[in-house]
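This note is addressed to a colleague who is meeting the structure for the first time. The points below may be read alongside the sequence and the coordinates.

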Amino acid sequence: MSIALRTFGLVEVTRDGVRPPSTIQPKRLALLVYVAAGHGVDAVSRQTLMGVFWPELDEHRARNALNKSLQYLRDILGDGALLSVGRTHVAVDEEVVRCDAARFRKAVRAGEVGRALTLYRGEFCAGLGVSGSGPLEEWLSRERTWYRESALTVGLDRLARDLERGRVRSALELATELDRIAPDEEAVVRASVQALVAAGERERAVRRLERYETLLREAEGRGV
């Protein structure tokens, strides 16, 4: 059994290449993402999950809600999707559940910048709407910011080093990836122009600046 969990862009989960027969309710889908994405720990405590997902319930009812959600996910995805670690923690088997967010974190830690940027295909859990849980909404907001800023930081740092060492082709490839992630970010525009100029692509550099100016004017027109 192999489960692929895509979190960058629209969230999608497949089992052996096939989507589940039933649509997973957003909060339960977020629960799967929370456990699988990886936060520097091998397992997440049930107490943490209850506090994030069901803060409005007393402990007994929150525990029941968590158990029902875990069982639902196991029924849909198979027993290997979510594992009980003792009586207090929940985890995934990374050999079974391949989560792009967890792989992104590992790539960043390993300095595999190209791999990290390839994995980052859009905003973390874009369009995953959850309501009724302030802690969950706050977590999603923090994670979205962290992944985007991490992608930009490692990409810009590597691009600058590549230019310093004369690795112009690598710098151009990174500039393309960064433009995809944040075309309206000033630091990205500046880095892209530097890479294009270093490659002798002055006309493309001018067009890149013009495109950025157009984005700024459009934003001003919308009152952003």
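1. The model under review is predicted. A convenient place to begin is helix α9, which spans residues 202-221 and contains Arg-217. Arg-217 counts as exposed, because its relative accessibility is 51% and the threshold for that class is over 50%.

2. The side chain of Arg-217 has a polar contact with the side chain of Thr-214, at 3.2 Å. With respect to Ser-84, Arg-217 lies 133 residues away along the chain, and the C-alpha atoms of the two are separated by 53 Å.

3. Ser-84 leads on to the sheet, since strand β4 covers residues 83-85. The sheet is open and has three strands, in the order β3-β5-β4, with antiparallel pairing. Strands β3 (44-45) and β4 stand at its edges; each has a single partner strand, so one side of each is left without a neighbour in the sheet. As general background, strands of a sheet pair through backbone hydrogen bonds, in either a parallel or an antiparallel manner.

4. Strand β5 comprises residues 89-91, and two bridges join it to β3, the two strands running antiparallel. Within this pairing, Ser-45 is placed opposite His-89 of β5.

5. Which residues touch the most other members of the largest nonpolar core? They are Leu-49, Phe-53 and Phe-124, in a core of 65 residues. Apart from neighbours within four places in sequence, Leu-49 is in contact with Leu-31, Tyr-34, Val-35, Val-44, Trp-54, Leu-66 and Val-90. Of these contacts, Val-44 falls in β3 (44-45), and Val-90 falls in β5 (residues 89-91). A second core, separate from the largest, has five residues, among them Val-189, Leu-196, Ala-205 and Tyr-212. In soluble globular proteins, nonpolar side chains tend to be buried together.

6. How many disulfides does a search of the whole structure find? The search finds zero. For Cys-99, the closest cysteine sulfur is that of Cys-125, at 8.3 Å, which is too far for a bond because a disulfide requires sulfur atoms within 2.5 Å. The converse also holds: the closest cysteine sulfur to that of Cys-125 is in Cys-99.

7. Are these two cysteines buried or exposed? Cys-99 counts as buried because its relative accessibility is 2%, and Cys-125 counts as buried because its value is 0%; the class applies under 20%.

How values were computed:
Residues are numbered from 1 along each chain as its sequence is written. This is a predicted model: local features need pLDDT of at least 70, side-chain atom pairs count only at pLDDT 80 or more; totals for chains, interfaces and linings use all residues. Side-chain values use heavy atoms; hydrogens and water are left out. A nonpolar core is a set of buried Ala, Val, Leu, Ile, Met, Phe, Trp, Tyr and Cys residues joined through side-chain atoms within 4.5 Å. Buried means under 20% relative accessible area, exposed over 50%, partly exposed in between (1.4 Å probe, protein chains only). Contact means heavy atoms within 4.5 Å. Helices (H or I, at least four residues) and strands (E, at least two) are DSSP runs, numbered from the N terminus. A polar contact is a pair of N or O atoms within 3.5 Å; within protein, one must be able to donate a hydrogen and the other to accept it, and residues adjacent in sequence count only if both atoms are side-chain atoms. Two strands pair if DSSP finds at least two bridges between them.
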